[in-house]
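Got your viewer open? Let's take a walk through this one, stop by stop, with something to select each time.

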Amino acid sequence: MDELSRRKALLSGGALSALGALGFTAPAHARKAWTWSAQGSVAGSGAGVDPRWMWDEEADPVVKGLLERGEVPRVNEILSTWTKNGQPLPDGLPNDLRDFIEHARQVPAWTDFDKLGQAYDFNERRGLYLGVLYGMASGMMSTVIPKEARAVYHSYGGANMKDRIAKTAKLGYDIGTHNSYSPDGEMAVTCVKTRLTHAGVRHLLPQSPHWNAAAPEDIPISQADIMVTWHSLATTVRQKLTEWEVPVAPEDSEAYLHSWQVTGHMLGVSDEYIPASWEEANNQAAQVLTPILAPTPEGVNLADILLDLGAPIDGALLSRPVLGAFTRYTLGDQIADWLSIPREPVWSPLLETLWRPFIIARETGLNFPGSQETYFLFDEFLRKAVLIYLNDGKPINIEIPTTNRPS
């Protein structure tokens, strides 16, 4: 039996957790070598196992049990009342889930709350750029990350992209709050619920004949896949700020990185895969993100949906051209062409001509007393408005899926 068939057999037999060990035995021809050194990670060392063969050994068996016991709907209802990091867990949770959450909600010992505070201050001053980049760079880039595009499209969230984006946007919002990982914040909750969602998708997607027919892997959302998404967010944003010549002080840059380092850990990534510096992040991204970007039918479909998010407001007459022009401006012609996004005759030249001067003017404004607070209030209004619109004014609650994309 070849390696692919053996792993398929293990998966169909319910031995998901056993697959982690295959990282040590998979033949060399089945995968490219993992060359990024763990010495460049926040851990400073590691076993060097290829993260493409590592998943979430803590969350996966717990969620697998919940799904097989039919407990997920009840668990989702109970967890909807758990919203704050330091809030006691509600009664009625299965013991294995309760034990997992109590452990998973703890920030790593190396968390520096002073740096997290600095990261919030950075977000106050540069929130507009971060919001634009999370949406137009990171969000649209996700559609040309083949594994991510297929996983999103064929999972339950792919059938309701507005809801799916709202839950992703909550993570992007929560990481930028002043109390993100404090007891009265929500980021730890968001990360733990996201881990549970990922575990549900890992269990369910391999049961989808549509995903199986399109995906080269047997199990979605490996540790490598999470780091690819991490780079499409943190590393891409940092690179774009540099490209746009936005002044970023060293302490701001380090603090912003730290907020994403903690988040990577809280999403279940082993510390040996989380870069310790932006130099290491760029090196890792050059191996795991840049070379794998490519169009897929699923990604083109998702991108088309994203561009039409404003349709309920303006029939997509203005919003779609603006979003398309921003995508082309931030990600470049090749990715825009992959996604069949045309060059806009009005908005593309305007962005190319006026975006950099706008940044200069905005940065100049930061020198005036009270400007930081004014900018923050404006940016916060926009962020809240987007979240309210995406979830139709209802609280955003991240849930464990119980099925794949209805089709």
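Before the first stop, one cut-off: a residue counts as buried when its relative accessible area is under 20%, as exposed when that area is over 50%, and as partly exposed in between. Keep in mind too that this is a predicted model.

**Stop 1: the whole chain**

Show everything as a cartoon. You are looking at 18 helices and zero strands. Of the 407 residues in the protein, 54% are buried. Among contacts with a separation of 6 or more, 74% are between residues 24 or more positions apart.

**Stop 2: two residues with positive phi**

Select Ile221, in the loop between helix H9 (209-214) and H10. Its phi is near 55°, a positive value in a residue other than glycine. Most residues other than glycine have a negative phi. Is Ile221 buried or exposed? Its relative accessible area is 14%, so Ile221 counts as buried.

Now jump to Ser340, in the loop between helix H16 (333-338) and helix H17 (347-365). Ser340 also has a positive phi, near 60°. Ser340 is exposed, with a relative accessible area of 58%.

**Stop 3: H10 against H11**

Color helix H10 (residues 223-243) and helix H11 (residues 250-266). The two pack at an angle of about 180°, and their axes are 11 Å apart. H10 and H11 are therefore roughly antiparallel to each other.

Which residues make the contact? On the H10 side, pick Trp230, Leu233, Ala234, Val237 and Arg238. On the H11 side, pick Ser253, Tyr256, Leu257, Trp260, Gln261 and Gly264. By type, the residues of this contact divide into seven nonpolar, three polar and one charged.

**Stop 4: Leu241 and the nonpolar cores**

Stay in helix H10 and select Leu241. Leu241 is buried, with a relative accessible area of 0%. Leaving out residues up to four places away in sequence, Leu241 touches Phe122, Tyr129, Leu130, Leu133, Val246 and Val248. If you want a distance to draw, try the C-alpha atoms of Leu241 and Leu130: they are separated by 8.7 Å, with the residues 111 apart along the chain.

Zoom out to the largest nonpolar core, which has 76 residues. Which members touch the most other members? They are Leu241 and Trp260. Helix H5 (residues 113-141) provides the largest share of this core, 12 residues. In soluble globular proteins, nonpolar side chains tend to be buried together.

Another core, of 22 residues, lies apart from the largest one. To find this second core, select Val72, Ala104, Val189 and Leu196, which are among its members.

**Stop 5: the salt bridges**

How many salt bridges does a search of the whole structure find? The count is 23. Here are some to click on.

- Arg202 with Asp60: the side chains meet at 2.7 Å, N to O. Arg202 sits in helix H8 (residues 187-204) and Asp60 in helix H2 (residues 59-68), so the pair ties together parts that are 142 residues apart in sequence. Both Arg202 and Asp60 are buried.
- Lys84 with Glu186: this salt bridge comes in at 3.0 Å, N to O. Lys84 is in the loop between helix H3 (72-79) and helix H4 (95-104), while Glu186 is in the loop between helix H7 (161-174) and H8, 102 residues apart. Lys84 is partly exposed at 32% relative accessible area, and Glu186 is partly exposed at 24%.
- Asp333 with Arg328: the closest N and O atoms are 3.0 Å apart. Asp333 counts as partly exposed at 47% relative accessibility, whereas Arg328 is buried, with a relative accessible area of 9%.

To finish this stop, select Arg69, Glu71, Arg74 and Asp96 together: salt bridges that share partners join these residues into one network.

**Stop 6: the tail**

Last selection: Ser407, in the segment after helix H18 (371-390). Ser407 is exposed, with a relative accessible area of 80%. Add Ala159 to the view and draw a line between the two C-alpha atoms. Ser407 and Ala159 are 248 residues apart along the chain, yet those C-alpha atoms are separated by 8.8 Å.

How values were computed: Residues are numbered from 1 along each chain as its sequence is written. This is a predicted model: local features need pLDDT of at least 70, side-chain atom pairs count only at pLDDT 80 or more; totals for chains, interfaces and linings use all residues. Side-chain values use heavy atoms; hydrogens and water are left out. Axes are lines fitted to C-alpha atoms, for helices over the stretch in contact, and angles run from 0 to 180 degrees between N-to-C directions. Helices (H or I, at least four residues) and strands (E, at least two) are DSSP runs, numbered from the N terminus. Angles under 35 degrees count as roughly parallel, over 145 as roughly antiparallel, 65 to 115 as roughly perpendicular and the rest as oblique. Contact means heavy atoms within 4.5 Å. Ala, Val, Leu, Ile, Met, Phe, Trp, Tyr, Cys and Pro count as nonpolar, Asp, Glu, Lys and Arg as charged, and the others, Gly among them, as polar. A salt bridge is a side-chain nitrogen of Lys or Arg within 4 Å of a carboxyl oxygen of Asp or Glu. Buried means under 20% relative accessible area, exposed over 50%, partly exposed in between (1.4 Å probe, protein chains only). A nonpolar core is a set of buried Ala, Val, Leu, Ile, Met, Phe, Trp, Tyr and Cys residues joined through side-chain atoms within 4.5 Å.
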